[in-house]
Amino acid sequence: MLSFLIVISSLACALFLIIGIARLIFKKSAKKYFLIALGSLVVFLPCAIISGNQIEKEKAQEAQMQKEREARIEKKPAKTASATVKPTLKFVEAAGIVYKMVNVEDPEDGINKSKFIKENVMKGYLATKMKKHVYMYADTGKSGEWVQVTYDDKDDMVKKVEMSPNLEKKVVASVNKEKAKETAKKEDAQKKADEQKQAEQKKQEEAKKLEEQKAQQEAQAKAAEEKRKQEEAARIAEEKRVAEQKQKEQEALQAKQQAEAEQAQREAEEKAQQEAQAQQQQQTQTATFQNCSEVRAAGRAPIRQGEPGFQAKFDRDGDGIGCDQ
């Protein structure tokens, strides 16, 4: 929380100070921004002082603990037994195994650590019982390197491991090296897994993209086909409508022409009839007959008195009707 306040207050102070300076350059009011920057600075300074004191205190505590640890290790005597046994493992390897076993998170994982150490790991080294439950394993080469192990009340499980300063440095370096290798191996495996995951994800994304493109193309093709069918149906319907319209217009034209022809024919017949009648009337009106034979030949018999061409000689019986016999 303190670090967060330091970061936020410092950023706020810098930001509002820059804004205030910029507003002064452009001749605008900047008082508010300078006040905010000042307030941020007031928050930043005590937080920074407190944080610095905490860091110094932690460093001092860590240095003190390191000194006490080194002093405790230096006071340990390098005792050895009178017997000499040829080592089967290098001392650093054996001590490293002890060191790592002590740092197992679950001490109740089914391994009898003290028995394993006594019968296997430390075989070939001088073992001295310092006091109850405390054993020292010293290098037979008398290099001064040693490991002191404290067991539990049953003299079974390892509770504590101490070792000479030089050996501790070697073991710590060895453990750190192995941890670094293990970390590098895990990081490499994680990297490969991430790369494989990314490749698989990329492959899935590409497959999905291809499927989407295919679906889009199919949808576009389907839409185009549907549009083509609609346009074809509309074209056929339009052609049918136009054909029907033309047929209707043709039929109407034919009916009109027929009606006009019939009307013209009727008018021609009527005109001809009228002309024939007029001609006949004219002929009748102007015709003069010599005898009844001519009257009959003209289709006028019997001819009545008052009709054109009537003559008294045609009416022998005097009844007003001539050429009736």
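The following exchange concerns the fold, the surface and the cysteines of a predicted model.

Colleague: In what pattern do the helices and strands follow one another along the sequence of the protein chain?

Modeller: The protein chain has six helices and six strands. Read along the sequence, these elements give the pattern α-α-α-α-β-β-β-β-α-α-β-β.

Colleague: Which two residues does the disulfide join?

Modeller: The structure holds one disulfide. Its sulfur atoms lie 2.1 Å apart, and a pair counts as a disulfide within 2.5 Å. The residues joined are Cys 292 and Cys 323.

Colleague: How many residues apart are Cys 292 and Cys 323, and where do they lie?

Modeller: The disulfide links distant parts of the chain. Cys 292 belongs to helix 6 (residues 292-297), whereas Cys 323 lies in the segment after strand 6 (321-322). Their separation along the chain is 31 residues.

Colleague: Is the link of Cys 292 and Cys 323 left-handed or right-handed?

Modeller: The angle about the S-S bond is -90°. With that value, the link of Cys 292 and Cys 323 is left-handed.

Colleague: Why does Cys 13 count as buried or exposed?

Modeller: Buried means under 20% relative accessible area. Cys 13 has 16% relative accessibility, and therefore counts as buried. Cys 292 and Cys 323 are both buried as well; for Cys 13, the deciding value is 16%.

Colleague: What share of the exposed area of the protein chain do carbon and sulfur atoms supply?

Modeller: Of the 325 residues of the protein chain, 20% count as buried. The chain exposes about 24,600 Å². The share of this area supplied by carbon and sulfur atoms is 53%.

Key. Residues are numbered from 1 along each chain as its sequence is written. This is a predicted model: local features need pLDDT of at least 70, side-chain atom pairs count only at pLDDT 80 or more; totals for chains, interfaces and linings use all residues. Side-chain values use heavy atoms; hydrogens and water are left out. Helices (H or I, at least four residues) and strands (E, at least two) are DSSP runs, numbered from the N terminus. Buried means under 20% relative accessible area, exposed over 50%, partly exposed in between (1.4 Å probe, protein chains only). Accessible areas come from the Shrake-Rupley method with a 1.4 Å probe; for residues, only the protein chains shown count as cover.
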